[in-house]
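Here's a quick briefing to read with the model open beside you. Have a look at the fold first, then work through the points below.

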Amino acid sequence: MTAIALELKNLGVRFGGFRAVDGVSLQVTEGELRVLLGANGAGKTTLMDLISGKTRSTQGQVLLRGKDITNWPEYRVARAGIGRKFQIPSVFRELTVRQNLCVAATREPSILRNLRWGFGRAEQSGVDEILALVGLQDLQHRQAADLSHGQTQWLELGLLTAQKPQVILLDEPTAGMTQAETRKTAQILMALRGRQTILVVEHDMAFVRDIAERITVLHLGKVLAEGSVAEIERDPKVRQAYLGSHGIAAPC
Ligand SMILES: Nc1ncnc2c1ncn2[C@@H]1O[C@H](COP(=O)(O)OP(=O)(O)OP(=O)(O)O)[C@@H](O)[C@H]1O
């Protein structure tokens, strides 16, 4: 039986009388790439906030590999193994791509000491692997400040992976990307599938079709549907919920 990496049990939050997330239950298995879909205001970001500890829930539980981490402060959730990527990059702009990854991969807390004395062999080979995974080998000696938007986002993904989290949360990773960059991001996520558990919020249906095995659709704070891309696209409830918002177009 496949192990469950992340489990939400009846999770919810009320802001005043308004239930932004309303009794969400879901299970993400180890190595799964799960997409969270939903119209504007469906509660996707709030759900990510509840998982990462940014927002305190008013009901339910968050379990990470069976451990109850509900309402832990954000830093403890991160230490427990939930890595979150925001749209605003958090790379060290003055360091090279490789140095950024080395810093993320090392357990040595002093960045200055690391940069001065170098990183261990294990870290270096782990970094080579991640550079290949995110397709930044040719740019490894470039300063992070000189990367394009897409390249910076891939470096961010690499930084998260280097920290070996148990689960990665991604909020619209293709926002602001060109089509070519979006396709490459899909390739990176597919390369991570099986070795990294990922929960990703995304609107771009072409991208979702490329990467998703299983989709969870949120609507008005609740789970409206869950299934494969094909199941979700032909689900009348989902089509109705999307009408007038993003429109879930059938594949051409
Ligand atoms: N701190 C808060 N106080 C009150 N209402 C909030 C708060 N945070 C979110 N909401 C409301 O909860 C609902 C869900 O918001 P959320 O940002 O999670 O939706 P979303 O699915 O991520 O939408 P989008 O795709 O537009 O980002 C919205 O109606 C929003 O206005």
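Which domains does the domain assignment of the protein give? There are two: domain 1 takes in 1-81 + 168-252, and domain 2 covers 91-164. Keep in mind that this is a predicted model. The notes below go from the domain contact to the ligand, the sheet, the helices, one buried valine and a few backbone oddities.

**Where the domains meet**
- On the domain 1 side, 12 residues are in contact with 10 residues of domain 2.
- Helix α7 (residues 179-192) gives the most to that side of domain 1, putting in six residues.
- As for chemistry, the side of domain 1 that touches domain 2 divides into six nonpolar, four polar and two charged residues.

**Around the ligand**
- The ligand is surrounded by F15, F18, A20, G38, N40, G41, A42, G43, K44, T45 and T46.
- Both β2 (18-29) and α1 (44-52) supply at least two residues of this shell, and α1 gives the most, with three residues.
- By type, the shell breaks down into four nonpolar, six polar and one charged.

**The open sheet**
- Four strands make up an open sheet, ordered β2-β1-β4-β5, with antiparallel pairing.
- β2 and β5 (67-68) stand at the edges with a single partner strand each, so one side of each is left without a neighbour in the sheet.
- Strand β4 (residues 59-64) is joined to β5 by two bridges, and the two run antiparallel; here L64 stands opposite K67 in β5.
- If you want the helix that goes with this sheet, look at α1: it lies across β1 (4-15), β2 and β4, running at about 65° to β2.

**Two covered helices**
- α1 is mostly covered, with eight of its nine residues buried. Those buried residues are K44, T46, L47, M48, D49, L50, I51 and S52.
- K44 and T46 turn up twice, then: they are among the buried residues of α1 and also among the residues surrounding the ligand.
- Just after α1, G53 takes a positive phi of about 90°.
- Helix α3 (residues 97-105) has nine of its nine residues buried, so it is largely enclosed by the rest of the structure. The buried residues of α3 are V97, R98, Q99, N100, L101, C102, V103, A104 and A105.

**V200, a buried spot**
- V200 sits in strand β8 (residues 197-201).
- Is V200 buried or exposed? It counts as buried, because it has 23 C-beta neighbours inside 10 Å and the cut-off for buried is 20 or more.
- Leaving out residues up to four places away in sequence, V200 touches L33, V35, L36, L170 and P173.
- V200 and M48 are 152 residues apart in sequence, yet their C-alpha atoms are 9.2 Å apart in space.

**Positive phi outside glycine**
- As background, most residues other than glycine have a negative phi.
- N71 has a positive phi, near 60°, and is a residue other than glycine. You'll find N71 in the loop between β5 and α2 (74-80). With 15 other C-beta atoms within 10 Å, N71 is partly exposed.
- K164 is not a glycine either, and its phi is positive at about 50°. K164 lies in the loop between α6 (149-162) and β7 (167-171). This one is exposed, with 12 other C-beta atoms within 10 Å of K164.

Notes
Residues numbered from 1 in each chain as written. Predicted model: local features only at pLDDT ≥ 70, side-chain atom pairs only at ≥ 80, totals over all residues. Domains from an automatic or database assignment. Contact = placed C-beta atoms within 7 Å. Nonpolar A, V, L, I, M, F, W, Y, C, P; charged D, E, K, R; others polar. Near = placed C-beta within 6 Å. Pairing = 2+ DSSP bridges. Axes fitted to C-alpha atoms, helices over the stretch in contact; angles between N-to-C directions.
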